[in-house]
Amino acid sequence: MLKAFLPNDYVKNIYAITPEYLKERNIKGVITDLDNTLVEWDRPLATPEIENWFKKMKDHGINIVIVSNNKEKRVYDFARPLQIPFVFKARKPLRRSFHRALSMLKLSKEEVVVIGDQLLTDILGGNRSGFHTILVVPVASSDEWVTKFNRKVERIILNKFAKKGLLKWGESSSGK
Ligand SMILES: [Mg+2]
């Protein structure tokens with residue numbers, strides 16, 4: 001049952017996911033969450049580091065779509081300056097937005113990873129839709145109030161995974 005929440009990889013942050021890391025796994029496209037995955041949920045714009053990450057991916061021919069449960073203005077204001085396509089009010093873990101993002105990428109499922117900081121939305125949704133999933137440690141330790149309940153459930157699941165030795169850190173991450 002809990003397997004539905006188990007990510008394929010678990011990394012320290014988005015920067016552990018490099019073009020080399022993706023190429024080793026034959027990945028050509030990325031569906032990524034926004035809040036607390038790319039930047040803190042209350043930071044309106046990308047940091048220079050995030051801009052660089054996007055640029056590096058683009059230089060290696062890896063296409064990205066941002067899929068966020070947040071509202072249009074938040075996602076638009078963040079993604080527009082970066083010229084990254086996006087889906088807002090995605091209602092993850094529902095499958096619909098993942099499929100929409102996949103058609104925007106024009107790739108097959110096997111060529112795409114789903115990245116996010118939440119088991120109950122990003123990872124569950126990505127797994128249900130049949131993608132390779134990567135969990136990142138949240139950028140900020142604070143959350144929007146709606147997320148707080150999910151985090152409690154998430155902690156219980158993560159502890160269970162840890163006890164069973166199921167969660168493995170991605171090879172490119174620099175450890176705990
Ligand atoms: Mg998030």
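The exercises below work through a predicted model, each with a solution in steps.

Local features are reported only at pLDDT of at least 70 and side-chain atom pairs only at pLDDT 80 or more, whereas totals for chains, interfaces and linings use all residues. Residues are numbered from 1 along each chain as its sequence is written, and side-chain values use heavy atoms, with hydrogens and water left out.

**Exercise 1. The sheet**

Determine the strand order of the sheet and state which strands stand at its edges.

Solution. Begin with the elements: helices (H or I, at least four residues) and strands (E, at least two) are DSSP runs, numbered from the N terminus. Two strands pair if DSSP finds at least two bridges between them. On this basis the six strands form an open sheet in the order β1-β6-β5-β2-β3-β4, with parallel pairing. Next, consider the ends: β1 (9-11) and β4 each have a single partner strand, so one side of each is left without a neighbour in the sheet. Finally, take β1 in detail: three bridges join β1 to the parallel strand β6 (residues 132-136), and V11 stands opposite V136 in β6.

**Exercise 2. Helices on the sheet**

Find which strands α4 and α5 lie across, and at what angles the helices run.

Solution. Contact means heavy atoms within 4.5 Å; axes are lines fitted to C-alpha atoms, for helices over the stretch in contact, and angles run from 0 to 180 degrees between N-to-C directions. With these criteria, α4 lies across β2, β3 (63-67), β4 and β5, and its angle to β3 is about 155°. The helix α5, in turn, lies across β5 and β6, at about 165° to β6.

**Exercise 3. The magnesium site**

Identify the protein donors of the magnesium ion and locate D33 and D117 in the chain.

Solution. Donors are N, O and S atoms within 2.8 Å of the metal (3.2 Å for Na, K and Ca), and because water is not among the atoms, sites may look incomplete. The protein donors are D33 (OD), D35 (O) and D117 (OD), which lie 2.1 to 2.2 Å from the magnesium ion, and their spacing along the chain is D-x1-D-x81-D. D33 belongs to the loop between β2 (29-32) and α2 (48-59), while D117, 84 residues apart from D33, belongs to the loop between β5 (112-116) and α5 (119-128). As for accessibility, buried means under 20% relative accessible area, exposed over 50%, and partly exposed in between (1.4 Å probe, protein chains only); D33 and D117 are both buried.

**Exercise 4. Backbone geometry in the loops**

Locate the cis peptide bond and examine the phi values of Q83 and K89.

Solution. The cis peptide bond joins K92 and P93, with omega about 20°, and P93 is in the loop between β4 (86-87) and α4 (96-105). K89 is found in the loop between β4 and α4; its phi is positive, near 40°, although K89 is a residue other than glycine, and K89 is exposed at 53% relative accessibility. Q83, which is not a glycine either, has a positive phi of about 55°; it is placed in the loop between α3 (72-79) and β4 and is exposed, with a relative accessible area of 71%.
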